[in-house]
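Subject: Structure for you to look at

Dear colleague,

I am handing over the structure we talked about, with the sequence alongside. Please open it first and keep it in view while you read my notes underneath.

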Amino acid sequence: TPDPLITEVQDWASSFGDPVDATPYGMPIRFESQVVRRNVEWLTESPVSSINFTPIHALEGTITPQGCAFERHHSGAIELSKPDYRLMIDGLVETPLVFTYEDLTRFPRETRTAFCECAANGGMEWGGAQLEGCQFTQGMIHNMEYVGVPLRLLLEEAGVKPEGKWVYAEGADASSNGRSMPLEKAMDDVLVAFYANGEALRKEHGYPVRLVVPGFEGNMWVKWLRRIGVYDQAVESREETSKYTDLMPDGRARKWTWVMDAKSVITSPSPQAPIYHGKGPLVITGLAWSGHGKVTRVDVSLDGGKNWQEAELTGEAQSKALTRFRLNIDWDGSELLLQSRAVDETGYVQPTKDALRAIRGTNSVYHNNGIQTWWVHENGEVENVEVA
Amino acid sequence: EKLGLGRPALPAEIAAWDVAVLPDGTGLPEGSGDVATGDEVFAEKCATCHGDFAEGIDNWPVLAGGEGSLKDRRPVKTIGSYWPHLSTVWDYIHRSMPFGAAQTVTPDEAYAITAFLLYSNGIVEDDFVLSKENFTSITMPNADGFYPDDRAESEYATFSGEACMTDCAAEVKVTKRAVTLNVTPTDPDGRPAGTLPNPDPVVEAAVAEPAAPETTAETTTAAAGPDPALVEAGAKVFKKCAACHKVGEGAKNATGPMLNGILGRAAGTVEGFKYSKAMADAGAAGLVWSDENLHAYLSDPKGFVKRNKMSFAGLKSKDDIDAVIAYLESAGG
């Protein structure tokens with residue numbers, strides 16, 4: 001029978017839509033209301049010291065819109081205006097300096113796209129498959145195009161003394177989250193950023209100024225950045241000793257595990273993105289990234305890792321930024337055990353969760369970059385599982 | 001080369017913002033504090049979350065004990081069992097605690113709380129006095145428990161090289177399923193929260209559209225409710241309370257009791273909440289949270305019900321108290 005959506009004149013084809021200015025700053029159309037950040041309430045005791053997850057199952061391409069990019073706060077997202085903003089550089093420098101927001105806008109700028117991944121992304125899965133949906137298992141990640149001042153230029157303006165070896169960055173919020181990094185990293189590719197995806201940072205992402213530390217764990221990307229201290233040693237703050245250290249099976253712990261190793265995940269199909277259309281052409285799409293540089297290859301397995309085929313990398317892979325991969329298949333309607341495996345430019349191949357556990361045990365909390373398995377059922381529903 | 005941007009930071013400004021304390025004691029101010037004083041300050045400022053004995057309430061961090069547990073299936077990572085540097089304890093207390101009232105702990109109080117935590121962890125005796133002078137003489141039990149990232153040596157060779165592409169495993173079986181744990185947030189239809197709808201639901205045409213949430217209209221037009229502007233102001237004031245208290249649909253007890261139905265309720269009577277003896281006794285003696293009593297309590301919690309365990313200094317402004325009570329009435333009925 002003829003489709004009435006075609007044969008009958010629809011309202012929207014006859015009368016007016018919204019005028020300009022109906023929404024001076026637009027929100028997504030109401031039909032996309034499920035594409036929002038979500039949290040897992042039992043994870044934390046208070047929503048002001050908590051985390052939520054990017055709906056990566058519902059996004060495509062590589063750039064994460066700020067409005068649904070995951071948030072992690074340690075004492076809530078604060079409201080700090082540009083006129084009230086100050087950035088101090090002190091410690092082992094020739095001239096301790098204070099910058100206003102406007103001062104920062106007068107330095108030469110750089111543009112850089114980078115992924116920001118929480119060190120705990122995937123951390124709930126150390127003990128086994130736990131949460132249903134790649135938003136929850138791998139959604140502590142976002143990828144934005146930043147504009148800002150290289151931290152190197154600000155450090156050179158203050159003049160780092162020869163004994164200065166460590167740079168400590170601290171936020172203006174009540175948690176005063178602070179992290180130390182080696183001077184070499186600070187002088188390399190770190191940005192003091194004030195734009196993301198073409199507009200000012202959103203409040204929850206550190207407005208007006210945050211640190212962008214490409215390839216390093218998200219906790220170091222200090223928001224509402226207020227102070228850069230130069231020291232001869234690491235500060236060993238709470239966030240780099242009691243947290244963000246990786247407990248190993250022998251009872252000792254790794255510290256300074258800053259770099260996020262190569263990882264990938266199929267975003268669709270996945271538990272929150274089941275297959276509705278039945279057998280036939282199926283697009284398998286996902287994200288891959290590496291804190292060590294560019295992703296050079298992503299393999300996809302349909303049978304739980306027995307056999308692999310190379311997926312297509314779309315667009316130009318950028319260093320320390322999200323890469324999109326896709327594999328188009330003709331699905332015969334039978335069960336699949338979907339996996340993806342990223343390879344980066346250093347030759348590192350994303351390991352299985354069991355290969356990681358063989359070295360790290362199950363109590364290291366952070367840096368779980370093991371291969372994710374999705375069990376696709378004949379009816380198109382998808383489950384988070386592990387295989388062996 | 002330099003652009004001449006920015007201005008020199010003044011000594012008073014650096015002193016105000018650069019308060020970090022380093023492992024070798026750099027940054028410690030003059031001062032001292034003993035275990036007994038620390039016990040008192042801890043009870044007042046920290047115990048609502050961390051417990052009187054630093055044992056941790058609900059999921060708030062446990063600060064004492066756990067020694068020797070780091071190889072266990074469920075390790076207990078505390079200051080005594082895990083933290084390598086005492087400087088971190090002092091620095092974090094002084095700079096970031098108490099939660100929701102950061103930067104209100106004086107240096108002497110920070111020394112005292114740190115001394116108490118050392119005592120709670122069995123590292124010092126109960127007559128110990130911690131000061132700037134003896135600070136670096138303390139060695140934490142797990143001081144040698146950390147080593148710098150060695151993944152480059154211990155993992156990268158194993159995880160590099162040619163990846164297997166065909167016949168990589170003989171048999172593959174599902175060994176674990178997330179569905180058996182049932183801890184994923186769900187949508188009203190029982191599927192994982194955020195499951196995308198079918199974009200071409202021809203075969204599902206019979207499935208009804210979810211009902212639109214129209215119920216709010218009724219409550220906002222109800223007569224004699226609190227002034228909406230006051231409620232809105234109260235919602236902001238309530239942020240001071242929200243770390244410990246929940247209110248509204250589905251609110252549960254947390255560090256503090258849930259506050260639904262607080263107006264007109266007898267004090268100390270929320271089911272399942274462990275009150276201080278002082279609060280339970282006050283309720284038993286007839287204290288009811290009338291508008292007047294709530295005003296008195298919120299302006300001076302410690303004075304109105306002596307020795308109750310709410311660690312909140314109170315609200316100075318009557319406007320704030322009016323607003324927060326209006327908010328509680330609105331949000332929690």
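What follows is a set of notes on the two domains of chain A, the contact between the chains, one helix and one residue. Please bear in mind throughout that this is a predicted model.

I begin with chain A, for which the domain assignment gives domain 1, covering residues 72–254, and domain 2, covering residues 263–385. The centres of domain 1 of chain A and domain 2 of chain A, taken over C-alpha atoms, are separated by 28 Å. In the contact between them, 38 residues of domain 1 of chain A meet 34 residues of domain 2 of chain A, and the two domains bury about 3000 Å² between them, with 54% of that area on carbon and sulfur atoms. On the polar side, the interface of these two domains has 3 salt bridges and 21 residue pairs in polar contact, counted where both residues are at pLDDT 80 or more. The elements of chain A that give two or more residues to the side of domain 1 that touches domain 2 are β5 (110–117), α3 (134–138), β6 (141–150) and β13, and of these α3(A) gives the most, with 5 residues. A salt bridge you may wish to display joins Glu117(A) to Lys263(A), where the closest N and O atoms are 3.4 Å apart.

Next comes the contact between the chains, which takes 83 residues from chain B and 107 residues from chain A. Chain B and chain A bury about 8200 Å² between them, 56% of it on carbon and sulfur atoms. In chain B, the residues that lose the most area to chain A are Leu5(B), Trp17(B) and Phe159(B), which together make up 10% of what that side buries. Between chain B and chain A there are 8 salt bridges, and 53 residue pairs are in polar contact, again with both at pLDDT 80 or more. The side of chain B that touches chain A draws at least two residues from each of β1 (7–8), α1 (11–17), α4 (86–96), β4 (146–148), α6 and β5 (174–177) of chain B. You can also look for the salt bridge in which the side chains of Arg191(B) and Glu381(A) meet, at 2.8 Å from N to O.

The helix I would point you to is α6 of chain A, residues 353–360, whose buried residues are Lys353(A), Leu356(A), Arg357(A) and Arg360(A). Seen down the axis of α6(A), these buried residues fall within an arc of 100 degrees, so they line one face of the helix. What covers them includes β13 (246–247), β14 (253–255) and β23 (382–387) of chain A, together with α6 (151–154) of chain B. After α6(A) comes Gly361(A), which has a positive phi, near 70 degrees.

Last, there is Asn143(A), which lies in strand β6 of chain A. Is Asn143(A) buried or exposed? Its relative accessibility is 0%, so Asn143(A) counts as buried. The side chain of Asn143(A) reaches the backbone nitrogen of Phe115(A) at 3.1 Å. Leaving aside neighbours within four places in sequence, the residues in contact with Asn143(A) include Thr62(A), Ile63(A), Thr64(A), Thr113(A), Ala114(A), Asn197(A), Ala321(A) and Leu322(A).

With best wishes

Methods. Residues numbered from 1 in each chain as written. Chains lettered and ligands numbered in written order. Heavy atoms only, no water. Buried < 20%, exposed > 50% of the residue type's maximum accessible area, 1.4 Å probe, protein only. Helix = DSSP H or I, 4+ residues; strand = E, 2+ residues; numbered from the N terminus. Arc of directions from axis to C-beta. Contact = heavy atoms within 4.5 Å. Domains from an automatic or database assignment. Buried area = accessible area lost by both parts, 1.4 Å probe. Salt bridge = Lys/Arg side-chain N within 4 Å of Asp/Glu carboxyl O. Polar contact = N/O pair within 3.5 Å; in protein donor to acceptor, adjacent residues only side chain to side chain.
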